Structure formats: structure tokens, C-alpha cells
Amino acid sequence: MATVSKDYAKLKDVSDLFTEETLKDILHKVHNGKEINVLSWDFADLNTKGDNYLSIVHKIKVTGTVDGEKAHVNVIVKGMPKNIGRRKTFRSAEFFHNEIEFYTKVISKFEEFIKEKGQTQVLCIPRHLASVTDGEHDYIAMEDISFLGYKPLSRQQFLNKDQCMMILKTIARFHAIPFAYKDQKKEEFKEMIQNLHETYYTMDHWNWYKKFLENIVNINRNALALECPGSKAEKIYNSYTPYDFFKKAVEFCNCKYEPTSVVTQGDSWIPNFLAKPNQDEAMILDFQLARCSSPILDLSTFVYACTDKTIWDEQFDTLLKFYYNELSKTITLLGSNPENVYSWDTFMNEVKEKFVFGLIFTMEVTPMCLLDDSDVFDLDLIKDNEAIDISDVWTVSNIKSQSGRLRLTNIIEHAVEKGFFK
């Protein structure tokens with residue numbers, strides 16, 4: 001990382017509203033103190049071709065003094081793409097607004113709640129340090145937890161049982177907080193979740209999503225035709241249209257005020273977790289799809305997107321029990337009765353009704369994570385200031401490898417076998 005003393009153009013690259021004063025405020029938030037001075041900021045580029053469709057990610061080391069003592073803080077900042085066509089194509093402003101509302105209107109309340117309970121360890125997300133949302137100059141600054149030893153997991157490889165348990169524990173603890181909060185502060189919870197808006201699965205977005213989903217469904221049909229022709233799974237899958245899948249996902253995601261709905265992450269697959277495997281610890285990242293829904297949506301996405309048939313065949317019921325036990329234990333720690341707020345029977349009924357959501361979401365992310373680097377679309381080739389169809393950017397085609405096709409068909413067959421998809 002090259003040292004630059006005070007390159008104001010770099011700050012402006014993030015946002016016109018990301019300033020030296022912002023860095024000063026961040027230093028103060030992390031280190032307290034009365035007299036804060038910013039000495040320098042150093043940037044490292046984290047963006048590669050095709051990554052971060054909705055944002056540009058910056059890694060910054062801020063150095064300064066706090067009450068005369070040298071201090072620094074490491075920050076990850078997401079800013080809006082400078083390319084206006086890219087912003088409009090991916091509706092960046094909507095996603096930024098939702099994530100910033102999540103941190104400032106939801107997580108801030110959860111932090112107060114768990115602090116009152118003396119259980120701050122159950123919130124496994126990086127610390128929010130600063131943000132702005134106005135639709136043009138949006139950014140969000142988070143603590144860079146890589147300096148605490150957290151590292152990404154490979155999106156090309158499935159998680160083993162130990163890694164899976166580690167992430168499930170993190171997801172369960174995260175879900176337990178809104179369950180307990182809702183139980184003890186029902187009116188405040190209802191008011192809080194009004195700040196979260198569905199950014200992905202609503203009928204308003206059908207035309208935005210339609211062509212891409214049609215491509216995805218055809219990829220799955222091709223995989224089924226090659227790997228399990230004439231099977232029950234193929235017959236059931238082919239009886240659904242792309243619109244049928246979308247409508248079902250919309251139904252699952254637009255249930256903000258249902259008794260079993262809590263704040264969920266919305267995008268729970270491998271790139272959105274960082275882990276310290278040797279210490280059995282993980283953190284959840286990226287809440288641009290955060291919503292209020294059944295926790296089964298996060299759970300089913302994680303299981304189908306991040307683990308494989310070997311795990312499901314041998315450990316599926318064990319994973320469900322492990323997640324539920326961790327959820328129950330944390331709800332109890334936070335002062336509520338899990339049997340009252342989300343009993344085992346209620347949980348299992350929701351598994352039967354809603355686990356198919358994981359199939360719907362994972363059939364999209366699987367072809368994306370199988371792309372070769374050479375096939376990834378260069379986002380800045382979107383030249384004009386107007387949106388283009390996302391299917392022209394998220395360019396996916398039939399999967400060439402048998403292992404890749406089986407990654408899709410195994411999910412469909414498992415969901416059919418379990419009665420989740422019929």
C-alpha cells in the first residue's frame with residue numbers, strides 16, 4: 001500500500017461527501033479523545049473486473065493523533081459507482097439506502113438492546129463507522145476486520161462440516177437478536193422495520209429481473225436434461241415458469257409483519273462471510289438485501305449455496321437442529337423464551353414451507369460463482385448514462401462442467417426429495 005499524505009482526490013473518488021472531516025469523526029468514534037488530528041490516509045484497491053456490481057469498495061488506513069498520541073484505524077468504504085449507467089442498471093441508490101437504514105435505524109437499536117443484556121458478543125457484524133444516503137453521494141464506512149484476523153472463504157469450494165457449523169452459529173445468533181427484541185419491544189420493532197424496504201423480490205422489479213431469470217431457469221433446465229433426464233426433479237422443475245419462481249420468492253420476501261418474521265441478512269452465501277476458522281468465529285457482511293422475513297430464507301440460502309450433497313445426505317437434520325439450538329440458546333441469553341417466540345414445531349413447519357427459497361436464490365448465484373475470470377463482464381463497459389438490461393451484464397450461459405451442473409441439479413433433487421419443491 002503506497003503512502004500518500006493527504007490525497008483529497010482519493011477521498012472524492014469515494015464520494016463528494018466523504019471528506020477529511022469524515023475521517024476525523026471516524027478516528028473519534030474509534031478512539032474517543034478530545035483533540036483529533038488526521039495526518040494521512042492510504043488507499044488500497046480492492047476491486048477486480050466484475051466484482052461489486054452495486055458499489056466500489058475501498059480499503060483505507062487512516063493515521064492521526066488523538067490527544068497527542070499516534071492512532072490509526074483501518075476502514076472498508078463502499079461508494080457508489082461513478083458510472084451513472086452502472087448505477088442505474090443495478091439500482092445502486094436503492095441498495096445503498098436500504099443498507100444504511102439497516103445500520104443506522106436497526107442495528108443501532110440492536111446494539112443498545114444487547115448492551116443492556118450484557119451480551120454484546122452475539123452481534124457478529126463489522127462496526128458501522130460513517131455513512132451518507134442521498135441517492136447521489138452515498139457511501140458506507142465499516143471497520144476493516146481483516147486486521148483482526150478475519151479472512152474470506154473460497155466461493156469456488158463448498159464448506160466442510162466445521163466451517164458450516166461456524167457460519168450457522170453466526171447466522172443463528174444474528175437472528176436471535178430480532179426475535180428477542182420483537183418479543184420484548186413489539187411496538188419499537190414494528191416501527192424499526194418500516195425502515196427496511198425489499199430491494200430484490202417485488203413485483204415492481206419483475207421487468208428489471210425478467211430476462212436474467214429466464215436465462216437462469218434455462219441453465220437449470222439444461223443441467224437437468226444432461227444429468228438427470230426424465231427424473232421427477234426434471235419434471236417438477238420444468239413445470240415452473242420463471243415468473244412462477246419469481247412470484248414465489250416475492251411471496252416469501254414480502255411478509256414483513258408476519259409473527260415469525262425477523263430482520264434477516266438477505267444474501268447469505270460465501271462471499272458475505274469472513275471467518276477465523278481456528279477460533280471458530282465468523283462475521284456477516286453486506287446487508288444491501290436486508291429485509292424482515294422468516295429466518296428460513298437466510299438458512300436455506302446458506303445451506304444450498306455454501307454446502308453440498310455430501311453434507312445434506314449425512315448431516316441435513318443435524319444442521320437444522322444445530323442452528324435451532326444455537327438460536328434458542330441465544331434467545332434465552334437475551335431474556336426471552338424460545339418456545340414462545342419460535343418453537344421447534346414452528347421452525348420445522350417453516351422449513352417445510354419456505355426452504356424452497358434457498359433453491360430459487362441459489363439457482364442464480366451458482367452460475368455466477370462458476371464463471372471463469374475471462375467470462376466476467378467488465379462493468380465499466382456500460383457507456384451511457386442510462387440503465388441497460390441486467391441480462392446484458394450478468395451474462396451467464398449453460399454450465400460446461402459436469403461438476404458445475406451437478407451443483408445445480410443436486411439442489412433441485414434434494415428439495416424434491418424433502419418435499420420442499422413439488
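**Helix contacts in a predicted model**

Trainee: Which residues in α9 meet which residues in α14?

Mentor: F245, K248, A249, F252 and C253 in α9 meet V356, F357, L359, I360 and M363 in α14, where contact means heavy atoms within 4.5 Å. This is a predicted model, in which local features need pLDDT of at least 70, side-chain atom pairs count only at pLDDT 80 or more, and totals for chains, interfaces and linings use all residues. Residues are numbered from 1 along each chain as its sequence is written, and side-chain values use heavy atoms, with hydrogens and water left out.

Trainee: How do the residues of that contact of α9 with α14 divide by class?

Mentor: They divide into nine nonpolar, no polar and one charged; here Ala, Val, Leu, Ile, Met, Phe, Trp, Tyr, Cys and Pro count as nonpolar, Asp, Glu, Lys and Arg as charged, and the others, Gly among them, as polar.

Trainee: And at what angle do the axes of α9 and α14 cross?

Mentor: The axes of α9 (residues 242-253) and α14 (residues 356-369) cross at roughly 120° and come within 10 Å; axes are lines fitted to C-alpha atoms, for helices over the stretch in contact, and angles run from 0 to 180 degrees between N-to-C directions. The two helices are therefore oblique to each other, since angles under 35 degrees count as roughly parallel, over 145 as roughly antiparallel, 65 to 115 as roughly perpendicular and the rest as oblique.

Trainee: What about α10 and α13, which residues meet there?

Mentor: I296, L297, L299 and S300 in α10 meet F347, E350, V351 and K354 in α13, and by class that contact has five nonpolar, one polar and two charged residues. Helix α10 (residues 296-306) and helix α13 (residues 344-354) pack at an angle of about 60°, with their axes 10 Å apart.

Trainee: Changing topic, where is K29, and is it buried or exposed?

Mentor: K29 lies in helix α2 (residues 20-31), and K29 is partly exposed, with a relative accessible area of 34%; buried means under 20% relative accessible area, exposed over 50%, and partly exposed in between (1.4 Å probe, protein chains only). Not counting residues up to four places away in sequence, K29 touches R127, H128 and L129.

Trainee: How many helices and strands are in the chain?

Mentor: The chain has 15 helices and ten strands, where helices (H or I, at least four residues) and strands (E, at least two) are DSSP runs, numbered from the N terminus. Buried residues make up 56% of the 422 residues in the chain, and its C-alpha trace spans about 70 × 55 × 40 Å along its principal axes.
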